[in-house]
Amino acid sequence: ETKIAAANPAEETFLRDRYRILWDIQIDSRLAGEGRGTVADREARCLEFEMLYRKFPPAERSAVFEALWSGERRRTHGGLLDLARKPEALLALAGSPEGAAPPARVRLPGALCPLCRFPTHQWAEGLETDPEIASIIRTDFPEWAPEDGCCGHCLEGYLVRAGRW
């Protein structure tokens with residue numbers, strides 16, 4: 001049996017709320033697809049989803065909801081729990097249109113900086129167009145790429161090392 005294991009009660013509540021909306025979307029979309037009555041309609045479930053995942057950019061949030069409502073409707077408990085725990089897995093459900101360029105990485109507020117591993121709400125901008133800073137970062141983190149981004153604090157440190165701060 002897979003349980004909602006969390007570091008603290010607040011995180012457990014957060015995961016439970018996410019799991020609940022994913023479960024509700026799965027059940028109500030299946031019932032609606034069979035022409036049967038539901039507890040809440042598509043619009044109500046979409047509003048609930050938007051409230052819980054409001055940190056997703058709007059286009060991605062809509063695409064993820066559409067993938068949940070119209071896509072696979074028989075996810076297991078473990079599969080839903082995995083989606084509740086990993087926002088990046090949920091974003092991956094949206095995919096990209098046929099022939100489109102791969103989507104840019106979404107840097108969610110509160111996600112971990114790939115360099116310092118602290119949560120950040122202030123992502124650094126312009127790393128893709130600053131080869132000098134990117135090169136300095138790669139000396140410390142060889143696997144890092146500019147599209148991975150970093151937090152503003154880490155960028156400040158690398159700007160100091162480059163003599164630009």
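**Exercise 1. The surroundings of Leu22**

Leu22 touches Phe49, Tyr53, Leu68, Leu80, Leu83, Ala84 and Leu90, when residues up to four places away in sequence are left out. The model is a predicted one. Determine which residues of the largest nonpolar core touch the most other members, and which helices supply this core.

*Solution.*
Step 1. The largest nonpolar core holds 20 residues, and those that touch the most other members are Leu22, Phe49, Tyr53 and Leu90.
Step 2. At least two residues of this core come from each of helix 1, helix 2, helix 3 (58-70), helix 4 and helix 5.
Step 3. Apart from this core there is a second, separate one of 15 residues, which includes Ala124, Trp144, Cys150 and Leu159.

**Exercise 2. The buried side of helix 4**

State which residues of helix 4 (residues 77-85) are buried, and explain why they lie on the same side of the helix.

*Solution.*
Step 1. Leu80, Leu81, Leu83 and Ala84 are the buried residues of helix 4.
Step 2. Around the axis they cover an arc of only 160°, and therefore they sit on the same side of helix 4.
Step 3. As a rule, an α-helix has 3.6 residues a turn, so residues three or four places apart point the same way.
Step 4. The partners against which the buried residues of helix 4 pack are helix 1 (9-33) and helix 5 (87-94).

**Exercise 3. Aromatic rings**

Classify the ring pair of Phe49 and Phe65, and locate both residues in the chain.

*Solution.*
Step 1. A search of the whole structure yields four aromatic pairs.
Step 2. In the pair of Phe49 and Phe65, the ring centres are 5.9 Å apart and the planes stand at 50°, so the pair is tilted.
Step 3. Phe49 belongs to helix 2 and Phe65 to helix 3, so the pair ties together parts that are 16 residues apart in sequence.
Step 4. Phe49 has a relative accessibility of 0% and counts as buried; Phe65, at 3%, also counts as buried.
Step 5. One aromatic cluster is formed by Phe49, Tyr53, Phe56, Phe65 and Trp69.

**Exercise 4. Salt bridges**

Describe the salt bridges Asp24 with Arg45, Glu34 with Arg36 and Glu132 with Arg164, giving the exposure of the partners.

*Solution.*
Step 1. The whole structure contains 12 salt bridges.
Step 2. Asp24 and Arg45 meet through their side chains at 3.5 Å, N to O. Asp24 lies in helix 1 and Arg45 in helix 2 (residues 42-52), so this pair ties together parts that are 21 residues apart in sequence. Asp24 and Arg45 are both buried.
Step 3. Between Arg36 and Glu34, the closest N and O atoms are 3.1 Å apart. Arg36 is exposed, at a relative accessible area of 52%, whereas Glu34 counts as partly exposed at 44%.
Step 4. For Glu132 and Arg164, the closest N and O atoms are 2.8 Å apart. Glu132 is in helix 6 (residues 131-140) and Arg164 in the segment after helix 7 (152-161), so the pair ties together parts that are 32 residues apart in sequence. Glu132 counts as partly exposed at 39% relative accessibility, and Arg164 likewise counts as partly exposed at 40%.
Step 5. Through shared partners, salt bridges join Arg20, Asp24, Asp28, Arg45 and Glu48 into one network.

**Exercise 5. Glu125 and its loop**

Where does Glu125 lie, and is Glu125 buried or exposed?

*Solution.*
Step 1. Glu125 is found in the loop between strand 2 (119-120) and helix 6.
Step 2. Its relative accessibility is 65%; the cut-off for exposed is over 50%, so Glu125 counts as exposed.
Step 3. The C-alpha atoms of Glu125 and Gly149 are separated by 7.9 Å, while the two residues are 24 residues apart along the chain.

**Exercise 6. The whole chain and its confidence**

Summarise the secondary structure of the chain, and identify a stretch where pLDDT stays under 50.

*Solution.*
Step 1. The chain has seven helices and two strands, arranged along the sequence as α-α-α-α-α-β-β-α-α.
Step 2. The chain comprises 165 residues, of which 33% count as buried.
Step 3. Of the contacts with a separation of 6 or more, 59% are between residues 24 or more positions apart.
Step 4. The mean pLDDT of the chain is 85, with 89% of the residues at 70 or more.
Step 5. Over residues 97-103, pLDDT stays under 50, and the model has two contacts beyond four places in sequence for this stretch.
Step 6. Where pLDDT is low, predicted coordinates should not be read in detail.

Notes: Residues numbered from 1 in each chain as written. Predicted model: local features only at pLDDT ≥ 70, side-chain atom pairs only at ≥ 80, totals over all residues. Heavy atoms only, no water. pLDDT = per-residue confidence, 0-100. Contact = heavy atoms within 4.5 Å. Buried < 20%, exposed > 50% of the residue type's maximum accessible area, 1.4 Å probe, protein only. Helix = DSSP H or I, 4+ residues; strand = E, 2+ residues; numbered from the N terminus. Arc of directions from axis to C-beta. Salt bridge = Lys/Arg side-chain N within 4 Å of Asp/Glu carboxyl O. Core = buried A, V, L, I, M, F, W, Y, C linked by side-chain atoms within 4.5 Å. Phe/Tyr/Trp six-rings, centres within 6.5 Å; stacked < 30°, edge-to-face > 60°.
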